[in-house]
Structure formats: structure tokens, C-alpha cells
There are 2 protein chains.
Amino acid sequence: MDLDLIQSLAIPGTTKIVLLSADGLGGFPHPDTGRSELETARLPHLDALARRAACGLIRHVGPGITPGSGPGHLGLFGYDPLHYQVGRGVLEALGIDFDLRAGDVAARGNFCTVDAEGRITDRRAGRIPTSRCVELVDRLRRIRLPGVLVFVEPVKEHRFVLVLRGAGLSGRLSETDPQATGTPPLPVHALSPDGEATAARVNQFVREASGLLADAAPANMILLRGFDRLPALPRFPEVFGLRAAAIAAYPMYRGLARLVGMDVLKTGATFPDEVKTLAAHRDAYDFFFLHYKDTDKAGEDGDFPGKVAALERLDADIPGIEALRPDVLVVTGDHASPAVLKGHSWHPVPVLLTGPYAAADAVDRFTERACVAGSLGTLASHHLMPLVMANALRLTKFGA
Amino acid sequence: MDLDLIQSLAIPGTTKIVLLSADGLGGFPHPDTGRSELETARLPHLDALARRAACGLIRHVGPGITPGSGPGHLGLFGYDPLHYQVGRGVLEALGIDFDLRAGDVAARGNFCTVDAEGRITDRRAGRIPTSRCVELVDRLRRIRLPGVLVFVEPVKEHRFVLVLRGAGLSGRLSETDPQATGTPPLPVHALSPDGEATAARVNQFVREASGLLADAAPANMILLRGFDRLPALPRFPEVFGLRAAAIAAYPMYRGLARLVGMDVLKTGATFPDEVKTLAAHRDAYDFFFLHYKDTDKAGEDGDFPGKVAALERLDADIPGIEALRPDVLVVTGDHASPAVLKGHSWHPVPVLLTGPYAAADAVDRFTERACVAGSLGTLASHHLMPLVMANALRLTKFGA
């Protein structure tokens, strides 16, 4: 079932859809209690939603595959994450709200330290302060390459992003970071024949950077990795026929939404701010992607009680979303982040879908185990959007 | 999700994995009791495993499709059985522990009886004793073909295996067995243009065999069918990054494991022997494929109480496997063999997966019906290995 088919079936409507992605929502039982974060938290509003929702589990990429945030969200937006792949350089650029364009090539950069012979002595340049990173990035911005626009953007400490913009660039490039000290940075080479010209540009950039940074020890050299070209993705508003808005306090998620053509709404730093933004724009859009970050942060930190608390804070904001009376409200996540694993995991993620035509099933709690018995079953992430569209009465019949 | 992707995500580890395939595990309710073999047997250890495992059902090929032993096991090894097909001639050769090489063409042979006009009067040559088969196979070994090595191996009674080894052979050949008496054997013809040369060799083999067997009535002719070329399969140890060993008392299962590049360990004739072999080699491998045959034998014989007893014997050996403390222990089967059907069937097969990151679900018995409610859901067989790898913490994240 591809996006062309969905686009051919999409019909106009007046219904409102809210897709709430609680980042890293799924968890895993704590060894002491045998209960997961969702099973431990008091979630009166989410449980009440689950009771009148169709529930199930979302599998984002495939059984056993742990999704990154990119594939996790592309799946929720309806894009098969195995078909539409987005690499690390692109995500890093999205993560700083850089306005990437189709065809741009992005890479992750590190300032590093090299000795008099050019051998790396510190791959992170002693983690220079971000203020120093900003100064040195300014130097690198002097570099000009033939036929290519160059963007250099500071990130945090020793990290920066390099973006090249021009016709016919390739992201199929090897990395300069040897992932070891005592050896010089590697030259970039093309991983496919169409990458030769881009590789030559990048090697010129590295040479000039080396000269500009000669007196800047410990940050007297750079390493580049994760080269990637921004893929041209089908545009979400056209595929689904929805005026679509993204509300996310964190830049990477805004970037992912912009990548598929959603409008990115200005919002505050907290989830209650996001809900206010949703209320303010309710009439102007058909579809809202709402992102909640705290669940993932606590999961990645291995902070079980912190994740429980983050879930309870989210639960407290559910009535504010319900008060806006979306026709279809979906709550799920982009991947699991169990505190016991201190990171993303492969476990399927609970999903609930409410709407006038989503029949309640027997699920009465919004937990990993309860949702196993839900009427949605275990659903590939990119199959969720067609189901959402159907529930919003925005898909017509297939075939006569 | 293909094997290239899995290979790109596989990471090294120190975890140990045991995949126990109880052949023909799944069954069907007995008409008198309404309970299946698994529901009838007393399985305290398997039920205890199920209580702390993630459970589900395995579908090996597709809904309604009854798997042979080849596709059944290839699926469990992570190979989509619809994509990686292994034919009957190859399986017959594997079944006698013949060391097939990539590119070999194998066929199943029968000695048969023909009359003075060359018409078949008995397609099985009166089921001559195996000792006679061995003598006649010795005669056939005299045949030499241009540019091709010829192997002829006795099987049982009137059956033998023919293997051709050489460059550019094709397995796309028609059969010589007309599946009827009163008519002569058919000449072989190529089913695709690249098979012409191989067909000519096989026809030469049949002509010479006819001469060599002229005085050997009732086994005075041969029939060949199930021509197949050994496919070059991606190697399991490289795909999954696992030092992999197979422990199987029956040759066909050793052969299937060898086909994908597992080491085949010498073992005894019984399942307790296999468990001893596992214990002896525990440290040398990361992954063990352990095969239990008795369940299938009883099922194929239509012996319901025999299958119940085979399950109870297997259950008694579970503690010996658990004592070796594999990080991930999976119990499932390659297909169902319900006693009431006296053969393989299409019914999904129970699976349980234990490990520190496989949360227990509500399933408290290892039966067909209980596993329906398991958190693994109904899983395509070739999706099991990625899940096993994830649970062994041997797969990294997909995408950033």
C-alpha cells in the first residue's frame, strides 16, 4: 500500500485530527515490581481514552528493529521508514532548525586536536565550550567552494553541521573521522561514481579549514562524518489532503515535520505551551502533529521514576487536548525507550485511536501489555495514517 | 526488511542464544477431548518458560500454506522461505548428509521396472532391499559425463540421489517419471534455455544407466525427478554476526543448517545426547540450533498419544538446557504436524522467547490457543531471528 494509492483515495473533509507522539513512550517492567513505566504511572485520562478507543501496538520498522527518531516519526507520518531513509547528517541539521532543501548534503562535524604531524590527539578537541565553537564556525564560514553554497552551523561544544547546496551533489561519501587517535584524518572518497565531484569539494573544505584553524589549538582541525543527502519526500499535505501543522518544542521533530511539508508552528518550551499553540491554531489546520519529549529523555537517562512522572505530566495535559474536541485523537510514540535499557528499543509501542467510528475494544488501560489485546493488533507504523484518515472520513472507497 | 539490513545492524556481543526447533510442534484438538497434543501433555517446564516469556505464534510461509521441512527451517533461520527456495532433490541429498556445494544440481532417483518394450511396470522396482540399492548404485557410479562430476548415493529401498557438479549447470529440468505405468520414462528437457546442456548430460546418464541395469530386473531402469540446483544462500554467521552451531540427530536438519553456513556438531541419536553436545560446546558458539524430531514423527504417524509422550519427553529435557543459562532461549517448531492430519499442516506454531528484555505477557501455557494472546502476535517465521538478535542485544538502532 503506497502513498500514491492513499493520495488517490484522499477526500476533503472538515474533521480535525490530532496525532500526539509521546517520544520513547513504550517501556519495560522494572525488575523490582514487574511493572513497566506505563503500568506504574497513574494515568486516569489516558486510561479513560483507552477505554473508549481502538487500541493496539505500533511496530515502526520491523520485528526486533530499534528505530531512531527519524524512521520512528516518518513511520507515524505514513512513510515506510525502510523506503524513505534519512541519514545522520540530515537529522543533525534538522536538530538545529537548519532549513534544509531537497538535494542538500549535510554532515556532522567535530572540532578535533591534531599534533605537529597532523595526527589526531583528541577527537573532540577537549570538548571546547559552545561559545568557542561559535567563533571557530565563523572562521570556517569564510571558505568558498566552486559551484556550491557552503553553510557551517555551530551545534554544542565541539560539534557543528556542514551543509553543501548545489546541483548534482551526492551524499555517498566516506567519513574523515578514523574513530581513533594517533592517526591523521582520512581524506573523503566517493562511495559511488556520481560522488567524485562532491568528494573533491569536501576535501578542499577540509584543507582550507585546516589552514584557518592552524592557530586554534586545541580545536585546530575538523572531522566530518554521516554525510547524507536530503531525500525528496512526497509532501504530507498533498498525499493526505490535509492542512498539516507540527507543534514541537524540540528542533529535530520540527525538522522532521518540515521535511514532509508540514507547517511548523511557533511554540514554547513546554508541553502546556504546545497545547496552547494547538488551541490557538485549531481552526487553521486539519491535522496536528504534537510532540512530547520528556518520556524519551527520562527513558534514555535510565530514570524509571522520572519516566513515570513524565507520563503523569502528559496525562494531566490530555483534558486540555480533549477540550479542543478533535474528531480523531491518536496517542502513540515513535519508539520505546525503556528506562532499564537506557535508550531506544525494538519493543512495539502502545497506540490508542479515538473517534466516532473507532469502536472501543476490551482494552481498559494504556499499557504495553493491555494493548496486546486491542482491536488494532500490531500495526506497521506507516499503516497508522491510512487508519487515521479513514476514521476522519477522509478516505474514499478503493475500487467500485 | 532484508538480510542486508540485518547484517548492517548486527553488532558483536557475548550473549548466548539457543533456538530449539521441536519438529512439527503444533497440533490440533483430538475429537474426543477437544484438546490438542500440547493441551493434553503435562509440560511443567515449558509452561513455566511460557509464563516468563514473550509468546506468540509463528506463521512460516503464509496463511494457509503448509511448510515442508526446508522452508520451515529456513524461515526459523531468518530466510524468507518464499524468496530462498530449496527443492526436493537438494533436500533429499541433505537428508543423507551429502556435502552439497553451491551450484550442484541434485535429483531424487528411483529404481523401477520396465518391460521388454521399455514401458514402466513398477515405478518402485518392487521396493528392492536397501542392500540391493547399494549394489546397483555402485554400477551407476561407473558413468562418466563430459565436464561434469557425477555422484550417485543410495538412500533407502528403491531410492537414490543423483548429484551433478560442474560449471553452469541448471536445475530447471523436466522429470523423467511419468507418474504412471504402461508408458516409458520421459526424456529430460530443459525448462529454460540455459538448461539445454544439463538436460543433454542427464539424458546421457539415463541411457548409460539403462544399459548398465539391463540384467538387474526388477530394478532394470531409473526414474529421476525433483531436479534442483543448490542456491547460494547468504551465510548465517556473516548475516547475523554469530558463531553458529547446529545440533541435530537427523541428517536433513544438519544439512539445512550446513546450507546456511552453520557448523554442524557431532552428536548422538537422542535428544539428551543433543543437550550434552550443547553443554560441551557452550563456550565456543554464540548461537545454537537444536532440533527435536520425535514430535513430528508421532504427528506424521497419526499417533496422538505418541505425540503427547514426545512432548513430555522434550519437556523433561528443558531444565538441562536452562541449566546452561542461555541469554535468549526460543522454543518453537518448523511447522505443525497434527496427529489428526497425519502430516504437516498450515496451522501457526507456538513460540516462546525468554530473555532479560522479553517481557512476560499474559500467556501461562505453551499451547496453540494460549499463545494467540501473546505479545509477539502472529509472526512471519523469518522475522523471528531479528527479534532474537534484538533480545540478545546484538542489533543496533536503525537510523538516527
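**Where chains A and B meet**

Chain B and chain A bury about 2000 Å² between them, with carbon and sulfur atoms giving 71% of that area. Buried area here is the accessible area (1.4 Å probe) that two parts lose on being put together, summed over both. Please keep in mind that this is a predicted model, in which local features need pLDDT of at least 70 and side-chain atom pairs count only at pLDDT 80 or more, while totals for chains, interfaces and linings use all residues. Residues are numbered from 1 along each chain as its sequence is written, and chains are lettered from A in the order in which they are written.

**Who takes part**
- The contact (heavy atoms within 4.5 Å) takes 26 residues from chain A and 26 residues from chain B.
- Tyr357(B), Phe398(B) and Ala400(B) supply 37% of the area that chain B buries against chain A, more than any other three residues.

**Polar links**
- No salt bridges are found across the interface of chain B and chain A, taking a salt bridge as a side-chain nitrogen of Lys or Arg within 4 Å of a carboxyl oxygen of Asp or Glu.

**Symmetry**
- Chain B superposes on chain A by a rotation of 123 degrees with 0.2 Å of shift along its axis (RMSD 0.2 Å), with the fit made by least squares on the C-alpha atoms of residues with pLDDT of at least 70 in both copies.
- That is the relation of a three-fold axis.
- Within chain B, Ala373(B) has the C-alpha nearest the axis, 3.9 Å from it.

Definitions and conventions. Heavy atoms only, no water.
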